[in-house]
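Hi everyone, thanks for coming. Let me put today's structure up on the screen, and then we'll walk through a few spots together.

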Amino acid sequence: MVDSVLKRLSVRALAELPASVATPAYALDEVRIGIVHIGAGAFHRAHQAVYLDDLLARFPDWAICGVSLHSSEARDVLRPQDGLYALSLLGRESRLRVIGSVREWLCARDEGAAVLARLADPRVKLVTLTITEKGYCLAGPDLDMNHPDIVHDLASPQTPRSAIGYLVEGLRLRREQGSTPYTVLSCDNLADNGHRLRRAVLQYAQRLDASLAGWIEFHVAFPCSMVDSITPATDDALRERVQHELGVSDAWPIQRETYTQWVVEDRFCNDRPPLELAGVTLSRDIAGYDRAKLRLLNGAHSSLAYLGSLMEIDSVGEATAEPALAAFVERLMREHIAPVIALPEGLDARSYIDAILERFRNPAIRHRLSQIAWDGSQKLPVRLLSTIGEALAQERTIAPLCIPLAAWMHFVRRQAHRGIALVDPLNDTLTALGLACSGDPETDVPAFLALDAVFAPLSDDERFRSWLLRAYGALGDARPATVARVLKAV
């Protein structure tokens, strides 16, 4: 455990830190808050806050006010540290740096007035969010008007509880005082996140005041974005390691892989920080970047998960050390996925795949294949089947793309016969199907293809059925040696 008697990380302690630890390259008391971030958890602290930390020395107007809607933990832990915290960058040679870009920490639950005052401040030009899908209070594509927080906020809009309520009340205050509205930027890992957030905000505002809703619709920008970086949870091992390296105590350090990506739609209604100078990609094609991530990164992940599991491999790192599997997945990305999908302008497929492979090989990140294998019935349609559909339309071969799908089927069959439940919304259906499977492709594959929730609209495509039958049959007993032999031959 961390020694609680040790001096705490703070502004005064910065001068005493080892030279190997990077510290803010700006005077902390000379920067000004220009961003409010709602949902200031570990991912934000490891991701967006770091990009801004890289800018503040030259552009001091873009410090962050971090807001937690319900939990006071971040505020209570980080205020005594002058808002500072350590970030451990995990790679072949891990590095440590102290982040200072979040200059104010608020908990909306008991500091709602202070949060609204920040949102009303004309110097705040950008509001960002990482609140997870749950925080948007959605029911399908629409705002859930029966959600308890939305019901409360509609009845008491000046004392909101939800992120939607805070955004709209802040915008109402800006309109009332004649200030330019802030841009609202979702940084959650949701497809079409800006459009979904805009729809929810407008539906809520319309219930309160049609003229306010019209003002928001006309004046406020809701850019889409895409974010990517693995951020393992903070544990005592990290705290002890950081304390040893810093020589002072940090009650809540964080860690992430060295790779990070942030793509933002270049559409703002107010001033913005020069994000591109910190490595952010500004684009009008966020959907294209989402598609590249889903098909190349996530498609490769799922392929590793099911093939690696059949080979009795535990983690991504171990999977990339298996020559036949590593070579197959690289060929899959370079020769059978990247040429098929429409990549966004400016994304170099070769470099992007190189970066993915380097991430897979990162020895400091242990990503278990069993976890990646969760929810296969929901993930495979977008990660692999969509690429297969496009490959068929382009009259390209789909034989290699069918191998990981067949591996999933064998994985389902194996887990069912071993009595191991799947982490999947279709667990009951898949387990019953897996128990009924014998390993014969002529009976097993049609049974899987009858799952319209997974395979439609490709279920009846004879080319797809034919190649899937071959792939399933080739994997045979689905034992490690058999899988390796198939991968070498594809």
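Okay, a quick definition to start: helices (H or I, at least four residues) and strands (E, at least two) are DSSP runs, numbered from the N terminus. Keep in mind that this is a predicted model, where local features need pLDDT of at least 70, side-chain atom pairs count only at pLDDT 80 or more, and totals for chains, interfaces and linings use all residues. Residues are numbered from 1 along each chain as its sequence is written, and side-chain values use heavy atoms, with hydrogens and water left out.

So, pockets. On a 1 Å grid over the protein atoms alone, a pocket is an open set of points where a 1.4 Å probe fits, with protein on both sides within 12 Å along at least five of seven lines; lining residues have an atom within 4 Å of a point. Which helix gives the most to the lining of the largest pocket? That's α10, with 6 residues. There are 39 lining residues, and N189, D228, S229, K293 and N298 are the closest to the centre. Other elements that give two or more include β10 (225-228) and α15 (376-393).

Let's stay with α10, residues 286-310, because H301 sits in that helix and is buried or exposed, which one? Buried, at 9% relative accessibility; the cut-off is under 20% relative accessible area, with a 1.4 Å probe and protein chains only. H301 also touches V316, F360, H367, I372 and R383, leaving out residues up to four places away in sequence, where contact means heavy atoms within 4.5 Å.

Technical notes. Buried means under 20% relative accessible area, exposed over 50%, partly exposed in between (1.4 Å probe, protein chains only).
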